[in-house]
Amino acid sequence: MAKGNSTRLTDELYAYMLGHNPPLDPVQRMLVEVTHVQLPLVAGKQVAEEQGALLAFLVRLTGARRIVEVGTFTGLSALSMAQALPPDGTLLTCDISEEWTEYAREAWAKAGVADRIELRIAPALQTLRGLPDEPHIDMAFIDADKDNYIAYWDELVPRMRPGGLLAVDNVFLHGGVTDPEATGLAAAIKEFNEHVKADDRVDSVMLAVADGMTLARRR
Ligand SMILES: C[S@@+](CC[C@H](N)C(=O)[O-])C[C@H]1O[C@@H](n2cnc3c(N)ncnc32)[C@H](O)[C@@H]1O
């Protein structure tokens, strides 16, 4: 049973919600379709449509100009954020897959935002550790290998500007986080969620968006 005044998200209500959000633009739509057709076994990695809209909204809300993303896949979240950046804004996105990110590169070029996006193909931890140490990031999105979430968080938080926003995907791990005997990725996300809750460098809120999203603001 849903608690806390929440309403169960039926298929009908989900469609209604999407119908009241900004629609996918033609390149975003193409990217969703291509991902499902070309990569059906892993298409579920892509952010949900409402998450793309939310991320774009947050970029505009915060006026972010320097964004770092961990986990590119076929590029929908990066595309959504880059389109919301001001013309002088930049987004650095990290992945290890040449194959999956090739779709991203094509979509970014079609959407005319390729010049705002830098894709680094390398383990994200290596990329993050190579960034300047001083606080210079306005917004970060973590959406990659779950067992490294704490390491990504601890590389990113000190580099966030005061007031900078961190968004983290899959903090419910498909419900696995409520399992007292959780192992593997669910245990890793449980540990990450405790880490964030105890982190006095940020204010944070965990939200029931898609597979759970945490938003945090650097103090
Ligand atoms: C959930 S997907 C990202 C989805 C993406 N945000 C989107 O909107 O479609 C996770 C991505 O993390 C990447 N990844 C996994 N391990 C990684 C690592 N050690 N460093 C960088 N990227 C990694 C995977 O290749 C995959 O593309």
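# Reading a sheet, its helices and a ligand shell

Student: In which sense do β6 and strand β7 pair, and over how many bridges?

Tutor: Two strands pair if DSSP finds at least two bridges between them. In this structure β6 and strand β7 (residues 213-218) are antiparallel partners, joined over six bridges. The model is predicted: local features need pLDDT of at least 70, side-chain atom pairs count only at pLDDT 80 or more, and totals for chains, interfaces and linings use all residues. Residues are numbered from 1 along each chain as its sequence is written.

Student: Which residues face each other across that pairing, and what joins β6 to β7?

Tutor: Met 206 has Thr 214 of β7 as its bridge partner, and Leu 207 stands opposite Met 213 in β7. The two strands form a hairpin with five residues between them. Ala 210, found in this loop, has a positive phi of about 50° although it is not a glycine.

Student: Is Ala 210 buried or exposed?

Tutor: The count of C-beta atoms, placed from the backbone, decides: a residue is buried if 20 or more others lie within 10 Å of its own, exposed if 12 or fewer, and partly exposed in between. Ala 210 has 17 C-beta neighbours inside 10 Å and therefore counts as partly exposed. Leu 173 also has a positive phi, of about 45°, without being a glycine. Leu 173 lies in the loop between β5 and α8 (184-197) and is buried because it has 22 C-beta neighbours inside 10 Å.

Student: How many helices and strands does the protein chain have, and in what order do the strands of the sheet lie?

Tutor: Helices (H or I, at least four residues) and strands (E, at least two) are DSSP runs, numbered from the N terminus. The chain has eight helices and seven strands. An open sheet of seven strands, with mixed pairing, follows the order β3-β2-β1-β4-β5-β7-β6. Its edge strands, each paired on one side only, are β3 (117-121) and β6 (202-207). On average, and with direction ignored, neighbouring strands are turned by 15° against each other.

Student: What are the partners of β4, and how covered is this strand?

Tutor: β4 runs parallel to β1, with four bridges joining them, and pairs with β5, also in the parallel sense, over five bridges. Ala 140 in β4 links these descriptions: Val 68 stands opposite it, and its bridge partner in β5 is Leu 166. β4 is mostly covered, with six of its six residues buried. In the whole protein chain, 39% of the 219 residues count as buried.

Student: Where do helices lie on the sheet?

Tutor: Contact means C-beta atoms, placed from the backbone, within 7 Å; axes are lines fitted to C-alpha atoms, for helices over the stretch in contact, with angles from 0 to 180 degrees between N-to-C directions. Helix α5 (residues 98-111) lies across β2 (90-95) and β3, at about 170° to β3. Helix α7 (residues 149-156) packs on the sheet and touches β1 (66-70), β4 (137-142) and β5 (160-169), its direction making about 175° with that of β4.

Student: How many residues surround the ligand, and which are the closest?

Tutor: A residue is near a molecule if its C-beta atom, placed from the backbone, lies within 6 Å of it. Here 19 residues surround the ligand, and the closest are Gly 71, Phe 73, Ser 77, Ala 124 and Ala 144. Two elements, α4 (76-84) and β2, give two or more residues to this shell.

Notes:
Contact = placed C-beta atoms within 7 Å.
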